[in-house]
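Here is a short exchange on how the labels given to a model follow from its computed values. Please look at the sequence and structure before reading on.

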Amino acid sequence: MMAPKTYLSDMDGVLVRGSQVVPGANEFVARLQAASAKFLVLTNNSLYTQRDLAARLQRIGLNVPPEAIYTSAIATAQFLQNQHPGGSAYVIGEAGLTTALHDVGYIITDHEPDYVVLGETTAYSFERITHATRLVAAGARFIATNPDVNGPADGGLVPATGAVAALIAAATGVQPYYIGKPNPIMMRTALRTLDSHSEESVMIGDRMDTDIIVGTESGLETILVLTGVTRREEVERYPYRPTHIVGSVADI
């Protein structure tokens with residue numbers, strides 16, 4: 001019997017929409033678990049730890065085990081551990097990012113760090129952005145967890161990592177290296193975490209410009225769900241196509 005495929009699924013727009021669970025999402029996760037399929041829920045948001053995020057999802061009624069959640073913060077930590085084991089970083093971010101870096105043995109410091117690492121935070125301080133700018137200008141390597149320039153919040157849009165990274169890049173002339181989607185690095189580290197290969201894996205997402213392109217570039221089968229950002233009539237505008245288009249995860 002063939003082993004079930006590995007499923008990588010985006011979170012926002014696929015399993016949840018704002019603070020609502022997409023109908024059929026719990027049943028989809030249960031089907032994966034029943035089939036003993038390997039799966040990870042991916043998010044570019046670096047604010048929360050796996051446990052925090054699982055608890056937040058549980059509160060709105062979505063049951064995903066913490067170990068099945070994979071954030072851009074974890075991908076960033078794994079990338080840095082690979083590139084420069086036991087290094088140091090100046091971090092602008094929250095517990096999701098600092099915990100991931102501590103877990104791989106990184107030292108967090110504001111004095112001559114190897115890297116400046118920028119992630120989501122609920123309180124960007126001009127003082128910390130200034131310090132990060134000076135460190136990057138002095139030669140620290142500049143990493144950002146994801147390129148998203150804004151994100152949704154209850155009151156409307158909020159500036160996200162990509163927007164603050166652009167501010168530091170404008171001040172220093174140094175562009176950051178972005179780890180999260182659509183960088184295929186996030187897919188490769190996620191697949192490595194599961195000990196899976198791209199040929200037997202599927203990427204499920206709601207955005208052609210991040211999820212579907214990153215799945216395509218990483219050699220995965222792709223499924224576009226229509227519960228998030230991309231509308232069916234917009235698909236034709238892109239020079240690449242998803243392998244499948246379905247209404248929602250309820251159809252997978």
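**Two domains and an aromatic pair**

In this predicted model, domain 1 and domain 2 bury about 380 Å² between them, and 36% of that area lies on carbon and sulfur atoms.

Q: Which residues of domain 1 lose the most area to domain 2?
A: Asn44, Lys181 and Asn183 do, and together they account for 79% of what the side of domain 1 buries.

Q: What makes up the contact between the two domains, and how many residues does each side give?
A: Domain 1 (6-44 + 181-251) and domain 2 (84-178) have centres 26 Å apart, taken over C-alpha atoms; the contact takes five residues from domain 1 and six residues from domain 2.

Q: How many salt bridges and how many residue pairs in polar contact are found between domain 1 and domain 2?
A: The rule, which asks for a side-chain nitrogen of Lys or Arg within 4 Å of a carboxyl oxygen of Asp or Glu, finds zero salt bridges across this interface, whereas four residue pairs are in polar contact, both residues being at pLDDT 80 or more. By class, the side of domain 1 that touches domain 2 has two nonpolar, two polar and one charged residues.

Q: Why is the aromatic pair of phenylalanine 79 and tyrosine 177 called tilted?
A: Planes under 30 degrees apart count as stacked and over 60 as edge-to-face, so the 35 degrees between these planes leaves the pair tilted. The centres are 5.4 Å apart, within the 6.5 Å cut-off.

Q: What does the pair of phenylalanine 79 and tyrosine 177 tie together?
A: Phenylalanine 79 lies in helix 3 (residues 72-83) and tyrosine 177 in strand 12 (residues 177-178), so the pair ties together parts that are 98 residues apart in sequence.

Technical notes: Residues numbered from 1 in each chain as written. Predicted model: local features only at pLDDT ≥ 70, side-chain atom pairs only at ≥ 80, totals over all residues. Heavy atoms only, no water. Domains from an automatic or database assignment. Contact = heavy atoms within 4.5 Å. Buried area = accessible area lost by both parts, 1.4 Å probe. Polar contact = N/O pair within 3.5 Å; in protein donor to acceptor, adjacent residues only side chain to side chain. Nonpolar A, V, L, I, M, F, W, Y, C, P; charged D, E, K, R; others polar. Phe/Tyr/Trp six-rings, centres within 6.5 Å; stacked < 30°, edge-to-face > 60°. Helix = DSSP H or I, 4+ residues; strand = E, 2+ residues; numbered from the N terminus.
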